[in-house]
Amino acid sequence: MCARSPVLNQSGPTEFVFRVFTTVPELQVLLFALFLVLYLTILCGNTAIIWVVCTHSSLHTPMYFFLCNLSFLEICYTTVVVPLMLSNILGAQKPIPLAGCGAQMFFFVTLGSTDCFLLAVMAYDRYVAIRHPLHYTLIVTQKLCVRMVGCAGGLASLLSLQLTVLIFTLPFCGHRPEVNHFLCDVPPVLRLACANIRVHQAVLYAVGSLVLTVPFLLISVSYVLIGSAIVRIRSAEGRRRAFSTCSSHLAVVLLQYGCCSLVYLRPRSSTSEDEDRQIALIYTFVTPLLNPLIYTLRNKDVKGALKNAFVSKAASDNT
């Protein structure tokens, strides 16, 4: 029906605009300040984790190598979204070129997918550490760690590139279509297409299942095996330490996979554009914000390293 509409630009649109959060100036300023503070907190928290892991030799282990990469991903992930989002909160709608929208979609999906794959890799690392502690250093070598992170990023990039190219081969309605979102995510852009999108929707579900369902199943299996191993640990302190480490990772996993599944794996007939935008705020701000908080507040090694770093800095400033 849309293809017959007179508003369809025969040459196709050259830019999109994002739907505004609010037209009330006072609320715009409030939202801008809130999201800016959250963004700066995410940058500072995750940068602190990277800095403390890189500068303390006691943290040069596979677990903290993966944590460092996760923090780097969170910084890139939010930076792809938030600066453009902040620029569109204040004032009138600002257009984004079609190529810019495609680039944002590619990097957003790539970084988000790498994040999901990396969480599965971290679950495998914890599984080996708890189930096979004597052989841990022989199994999880530095070379294997680099390969797993590289494979996670490579597979995510390949899937994202194919999905982005597939989406942007579609025709779109109007001269300047409005994306009901604050970023060029796949579902809201797909809704603007003036063509049959059943094949594209099926590809999205397939990619979503590969990125979300498969890693989540692997994580679930890993934690079932980890749980059985923790129960058999004789030392109460050992059980507490193992449970604390794994519960931190599990909390991040449940929030990340739960929110993403609601957006990408729900049937299209039951999805709401406004709901998707609200859920996207969680995995854009809350998950990257909780990552440094969970892994530092519940991790004695990281807290100790941060404390020593601040004490050393204070001592050097006083001398």
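# Exercises on a predicted model

Cys184 is buried, having a relative accessible area of 0%, and this value, like every other one below, is computed from a predicted model.

## Exercise 1: a disulfide and its surroundings

Determine which residue Cys184 is joined to by a disulfide, and work out which parts of the chain the pair ties together.

Solution. Begin with the sulfur atoms: a disulfide joins Cys101 to Cys184, with an S to S distance of 2.0 Å, which lies within the 2.5 Å cut-off for such a pair. Next, place the two partners: Cys101 lies in helix H3, whereas Cys184 lies in the loop between strand S3 (178-179) and helix H6 (186-190), so the pair ties together parts that are 83 residues apart in sequence. Then consider the geometry of the link of Cys101 and Cys184, which is left-handed, with -120 degrees about the S-S bond. Finally, check the accessibility of the partner: Cys101, at 0% relative accessibility, also counts as buried, because buried means under 20%.

## Exercise 2: the other cysteines

Decide whether Cys54 and Cys68 are close enough for a bond or too far apart, and whether Cys44 is buried or exposed.

Solution. The structure holds two disulfides, and besides the pair treated above, a disulfide joins Cys173 to Cys194. Cys173 lies in the loop between helix H5 (142-167) and S3, and Cys194 in the loop between H6 and H7, so this pair ties together parts that are 21 residues apart in sequence. Turning to Cys54, the closest cysteine sulfur is that of Cys68, at 4.1 Å, and this is too far for a bond because the cut-off is 2.5 Å. As for Cys44, its relative accessible area of 54% makes this residue exposed, because exposed means over 50%.

## Exercise 3: the length and bend of H2

Find out how far helix H2 (residues 62-89) should span, and where in H2 a kink lies.

Solution. First, take 1.5 Å a residue: the 28 residues of H2 should then span 40 Å, and the end C-alpha atoms of the helix are 40 Å apart, which agrees. Second, look along the helix for a bend, and a kink of about 35 degrees appears at Thr79, shortly before the proline Pro83.

## Exercise 4: the largest cavity

State the volume of the largest cavity and describe its lining by class.

Solution. The largest cavity has a volume of about 210 Å³. Of the 17 residues that line this cavity, the closest to its centre are Val109, Gly112, Ser113, Val211 and Tyr264. By class, the lining has 13 nonpolar, four polar and no charged residues.

Methods:
Residues are numbered from 1 along each chain as its sequence is written. This is a predicted model: local features need pLDDT of at least 70, side-chain atom pairs count only at pLDDT 80 or more; totals for chains, interfaces and linings use all residues. Side-chain values use heavy atoms; hydrogens and water are left out. Helices (H or I, at least four residues) and strands (E, at least two) are DSSP runs, numbered from the N terminus. The expected span of a helix is 1.5 Å times one less than its number of residues. The bend at a residue is the angle between axes fitted to the seven residues ending there and the seven starting there. On a 1 Å grid over the protein atoms alone, a cavity is a set of points where a 1.4 Å probe fits but cannot get out, and a pocket is an open set with protein on both sides within 12 Å along at least five of seven lines; lining residues have an atom within 4 Å of a point. Grid points are joined across faces, edges and corners, and a volume is the space filled by probe spheres set on the points. Ala, Val, Leu, Ile, Met, Phe, Trp, Tyr, Cys and Pro count as nonpolar, Asp, Glu, Lys and Arg as charged, and the others, Gly among them, as polar. Buried means under 20% relative accessible area, exposed over 50%, partly exposed in between (1.4 Å probe, protein chains only).
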